[in-house]
Amino acid sequence: MNYSRSSLQYAREQDRKDPLRSFRSHFQMDDPHIIYLDGNSLGRLPLKTIGHMQEVIEKQWGNRLIRSWNDDWIGLTGRLSRKIASLVGASQDEILVGDSTSVNLYKLVIAALQHQEHRHIVISDNLNFPSDLYVLQGAIHLLGSKHELKLVESEDGIGIDPERIEQLIDKDTALLTLSHAAFKSAYLYDMEKITGMAHKKGALMLWDLSHSVGSVPVDLNRFEVDLAIGCTYKYLNGGPGAPAFLYIRKDLQEKLTSPIWGWFGSERQFDFDLKYQPAAGVQKFAAGTPGILSMAALEPALDIHLQAGMGAIREKSILQTEYVKNLAEVLLTSSGFVLGSPSDPSRRGSHISLKHPEGYRICQALIQDDKNPYQVIPDFRLPDNIRLGIAPLYTTFEELYHTITLLADIVSSGRFMNFSDTVSGVT
Ligand SMILES: *Cc1c(COP(=O)(O)O)cnc(C)c1O
């Protein structure tokens, strides 16, 4: 067939050819009028999770009670570590699942700075997630304000040339920490190159994988990454506030000390000894009792990713972000939209940011206007980014087609002007 690339038929053809198309049916999709493009903030609910949670609550908690620790819960954390490890190219004993991304970052930053005691510079960038930068400021404060945080500034708000980072790293650099995929623009750093730059000067490298894990293949061991953290409620579909994870390269584990000494990170936890002895390996970075219910909800979600394979997910993600970019170029450029993501797919994660001076009101119209044939749920990041998050396990080309044509209609009709430009609530 010979359709125009900007036709609905073309989008449907892409969906028919999609090797991952059956995965959409693994998720709850109860409203055909909703196009959900926010899987990079809160992933969809896997159907298996519903039945699994019912069982965990009624049988494991309700019926088996405390016995469930030995039946299943002690093993659960290990299983999750193994599954996450295989998604990020690490081994099971380098991953610890639990706590939030922010807390895990705090633990690793304190440990890294204490280990690098003769170095006083911490480097990050202004594309990083603000919480990560707050955590860095807080860690420096706690350690007596002896460190200096240097932020590399992006010139175009989209990406940063690695050479500019290289110029900053020297023998005083204790730690370089960056988001692998930037939350606003989806700019994807070259993990191998940047990690190598840090190592050449003896700095530790810490990657935040929150916006890449589950959408971009990650190979921590191959590039000898020192430290990493990541989030599981975004592309990994683990559920609201799902447990995060941390990674410490095997040979570094004995050199680092966790700043929180709790019983789950101690050796022989059930001896109830009064003197703390750290557990071996990455386990010493655990603190207290893991949230078993949210851990349990994560497992079916990880299984879907393992079944689909990160290579296939990435391939579809690139086809879909390219599709959105090209369609936006054809249908939206004259309406004042500008691409806010890298145009090179190898330097881009799994969302497309479209910038527009009226971005907030356009977003409100996408979500709420009852004239829309579909309700599109993207998200908005100040000052002008409409983020279209693509989750290849369930996003279809047809949904992306409807989104871009709807955007064109909302702007050309001026319908967005019926909405307030006061930013409120969770965006
Ligand atoms: C989502 C995200 C977080 C989230 O941190 P929480 O502690 O889960 O709230 C942190 N860092 C980055 C880069 C993120 O994208």
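Select the shell around the ligand: its residues divide into two nonpolar, six polar and three charged (Ala, Val, Leu, Ile, Met, Phe, Trp, Tyr, Cys and Pro count as nonpolar, Asp, Glu, Lys and Arg as charged, the others, Gly among them, as polar). This is a predicted model, in which local features need pLDDT of at least 70, side-chain atom pairs count only at pLDDT 80 or more, and totals for chains, interfaces and linings use all residues. Residues are numbered from 1 along each chain as its sequence is written, and side-chain values use heavy atoms, with hydrogens and water left out.

The residues to show are S100, T101, S102, F129, D132, S179, D208, S210, H211, Y233 and K234, a residue being included if one of its heavy atoms lies within 4 Å of the ligand.

Next, display polar contacts (pairs of N or O atoms within 3.5 Å). A side-chain N or O atom of S102 is 2.7 Å from a ligand oxygen, and a polar backbone atom of T101 is 3.4 Å from an oxygen atom of the ligand. On D208, a polar side-chain atom lies 3.0 Å from a ligand nitrogen. Alone, the ligand exposes 390 Å², and the protein buries 87% of that (Shrake-Rupley method, 1.4 Å probe).

Move to Q269, in the loop between strand 8 (245-248) and helix 8 (292-308); helices (H or I, at least four residues) and strands (E, at least two) are DSSP runs, numbered from the N terminus. Q269 is buried, with a relative accessible area of 17% (buried means under 20%, 1.4 Å probe, protein chains only). Beyond its neighbours within four places in sequence, Q269 contacts W263 and F264 (heavy atoms within 4.5 Å).

Finally, select the open antiparallel sheet of four strands, ordered 9-10-13-12; strands pair if DSSP finds at least two bridges between them. Strand 9 (338-339) and strand 12 (379-381) are at the edges, each with a single partner strand, so one side of each has no neighbour in the sheet.

Methods
Buried < 20%, exposed > 50% of the residue type's maximum accessible area, 1.4 Å probe, protein only. Polar contact = N/O pair within 3.5 Å; in protein donor to acceptor, adjacent residues only side chain to side chain.
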